Amino acid sequence: MNPNSVEAVAADTDVSIAGAQPWWRSTSIYQVYPRSFADSNGDGIGDLPGAISRLDHLRDLGVGTVWFSPFFASPQRDVGYDVSDYRSVAAEYGTLDDAQRLIDHAHHLGLRVLLDLVLNHTSDQHPWFLESKSSRDNPKADWYVWDDGRTWPLGRRRRPNNWRSELQLPRAWQWSEQREQWYLATFLHFQPDLNWHNPEVRTEMFDMIRSWLERGVDGFRLDIFGSIMHDARLRNNGRRPSLRFGLPRLQDPVRTLNTEECFELATELRAVCDEFDGDRVLLGEVFGSSDVLKRYLRHRGKPGLHLVFAFDFLAAPYRAETLHALIDGYEADYPAPDLPTLVLENHDRTRSLSRLDGDLGKARVMATLLLTLRGVPVIYQGQEIGMANRYIPLAEADDPIPRAVARFVPEALNRRLPERLNRDEVRTPMQWDATPGAGFSDSATPPWLPVHDNHVEVNVESQTGDPDSLLEWYRTLLGLRREHPALHQGDLQLRPIGEERHVIVYERTSGVDRLLVAANLGDETATIDVPTASSILLSSDSAGTVRQGSLSLSAHSAAILTLD
Ligand code: NOJ
């Protein structure tokens, strides 16, 4: 048995460990954004010793798994999603020993650990890229995607093809004066794409992955996994425009996104993980229709990723009919043994409370759905206390995206876009207490992003033990989720939307454990038919009652009932 594995330590608080099914099927995931989680040395930047000191919060919250956004060596131009050494830790975050202590301590607390792997690209400061761009015939010359491009009349340079970057506006090709060639950069210009068609790259990356698995990590979240295998012949993308999250895509990315080779890569990576007890898990950040996403789970008869992100809840309006349709879709698209993931927030998107107009009743309803639906829920740090977007003018952004967009459309900085363009707003320091540094840091050095003013009221300390707080609501839900097989492994039967059009009702069942979940997303009290032999297990509506087969639930509240 691996000495770092969770089984090897006594503290077993995770239902997922005790059960017969693989641990990841019943887990819940908490995303830590290390730069903003806890600063132990007062430099204004979160770090690994800080994270270690705050892991108790996750154990007390009751999640099963912690996913750390990247903490590898990096120039931090995209907060660690620009790696300059996958095998070491960024100096401002700590050392490799700290990373090992983090993994071991999490295991000691009964938490599983996922690291965030950015396989598509490195930083342009990675020694591999510096070497690769130094000439056309160095040992790493083919580790990135280089091409001469074409030449217009009068000698003007022309890109190799029509590929656009993920942000759509800039093209995906950048010119290197040094090598006098174009290199591919699917995301931002300082993030050159690795050439995964080169077997040396594959070997090195797989070895690096093995080295972290040997350190005991339980798996990985895979950054923009669907972009890794572009068309080796560099053929043009389709010209048909499309929409993603309400934002325009200017082309149909048939040659750059979700290619057959990407599905194959998922199976190869799975084989690497399965070398380790068959117990490690892969969670892909992939985008596309559910038919496409499911191809990452198995391909040509071989297992692939264990889970893929489904981001629909992140973008969906707070509307019963819309959410009902999503749940229905997940049940149809991910029948057991497949499992959807459920996400309300992450470090790239608007805080859910801000999308819910700051309404805590609505936040409780959404938390109830998140933690009682069939699937693996993912909670972003601060979501459990209701952290909100902290306005930061786009022109002051640390986030590279607004700056990249401004190069092409300067007026975009003044426009109101469907989603906040400045991701800094959702990355402000974790709010632990009411002190000036919010408990994130106790030094006078300003944190790398400003603390939200509302930390005086909205923080872990003030909500702990307050039965009306959002934090205690999350704790209670997570506790029920662990306790009830119906919630962490049961089937789900969704009731059709009835006359009460603002209400979502479903049953969760595992053997004799039977629960009913009801959520009222409307502005009026709703009356819901329930079996006569049912009683309220939990309700966010203190006035809610069950009488003679009828549950009354006031506006924006949710309840869980036991069915006898
Ligand atoms: C997706 C990550 O979530 C985001 O934060 C990052 O900027 C891009 N991938 C590029 O790695």
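Contact here means heavy atoms within 4.5 Å. With that in hand, here's a quick tour of a predicted model. There's a parallel open sheet of eight strands, an antiparallel open sheet of five, and a ligand with 98% of its area buried by the protein. A handful of single residues get a look too, starting with Gly439, which sits in the loop between α13 (400-408) and α14 (460-463).

**Gly439 and its company**

- Set aside the neighbours within four places in sequence, and Gly439 is in contact with Arg54, Trp432 and Asp433.
- Gly439 and Phe37 are 402 residues apart in sequence, yet their C-alpha atoms are 9.7 Å apart in space.

**The ligand site**

- Twelve names to click through around the ligand: Asp78, Tyr81, His121, Phe187, Arg221, Asp223, Ile224, Glu285, His347, Asp348, Arg423 and Arg427.
- By class, that shell splits into seven charged, three nonpolar and two polar residues.
- Asp78 has a side-chain N or O atom 2.6 Å from an oxygen atom of the ligand.
- For Asp223, a polar side-chain atom comes to 2.7 Å from a ligand oxygen.
- His347 also puts a polar side-chain atom 2.8 Å from an oxygen atom of the ligand.
- On its own the ligand would expose 300 Å², and the protein buries 98% of that.

**The eight-stranded sheet**

- Reading across this open sheet, the order is β17-β14-β11-β5-β2-β1-β19-β18, with parallel pairing.
- β17 (307-308) and β18 (341-343) are the edge strands, each pairing on one side only.
- Inside the sheet, β5 (residues 112-117) and β11 (residues 219-222) run parallel and share four bridges.
- If you want a spot to check that pairing, Leu115 stands opposite Phe220 in β11.
- Helix α12 (residues 360-372) lies across β18 and β19 (376-380), and runs at about 135 degrees to β19.

**The five-stranded sheet**

- This one is open as well, but its pairing is antiparallel, in the order β20-β21-β22-β27-β24.
- Its edges are β20 (491-494) and β24 (534-539), each of which pairs on one side only.
- From one strand to the next, the twist averages 25 degrees.
- β21 (residues 503-510) and β22 (residues 513-520) are antiparallel partners joined by eight bridges.
- Within that pair, Ser510 has Asp513 of β22 as its bridge partner.
- Helix α15 (residues 470-483) packs on the sheet and touches β24 and β27 (557-563), with its direction at about 135 degrees to that of β24.

**The β9-β10 hairpin**

- Strands β9 (residues 173-176) and β10 (residues 181-184) run antiparallel, with four bridges between them.
- Two tryptophans face off here: Trp175 stands opposite Trp182 in β10.
- Four residues lie between the strands of the hairpin, and Glu180 takes a positive phi near 50 degrees.

**Backbone oddities**

- As a reminder, most residues other than glycine have a negative phi, and most peptide bonds are trans.
- Gln76 goes the other way on phi, with a positive value near 65 degrees in a residue other than glycine.
- You'll find Gln76 in the loop between β3 (72-73) and β4 (85-89).
- The peptide bond from Ala336 to Pro337 is cis, with omega near 10 degrees.
- Pro337 belongs to the loop between α10 (320-333) and β18.

**Ser290**

- Ser290 has its place in helix α8 (residues 290-294).
- Its side chain makes a polar contact of 2.8 Å with the side chain of Asp333.
- Not counting neighbours within four places in sequence, Ser290 is in contact with Asp333 and Tyr334.

Key:
Residues numbered from 1 in each chain as written. Predicted model: local features only at pLDDT ≥ 70, side-chain atom pairs only at ≥ 80, totals over all residues. Heavy atoms only, no water. Near = heavy atom within 4 Å. Polar contact = N/O pair within 3.5 Å; in protein donor to acceptor, adjacent residues only side chain to side chain. Areas by Shrake-Rupley, 256 points an atom, 1.4 Å probe, with all protein chains shown as cover. Nonpolar A, V, L, I, M, F, W, Y, C, P; charged D, E, K, R; others polar. Pairing = 2+ DSSP bridges. Axes fitted to C-alpha atoms, helices over the stretch in contact; angles between N-to-C directions.
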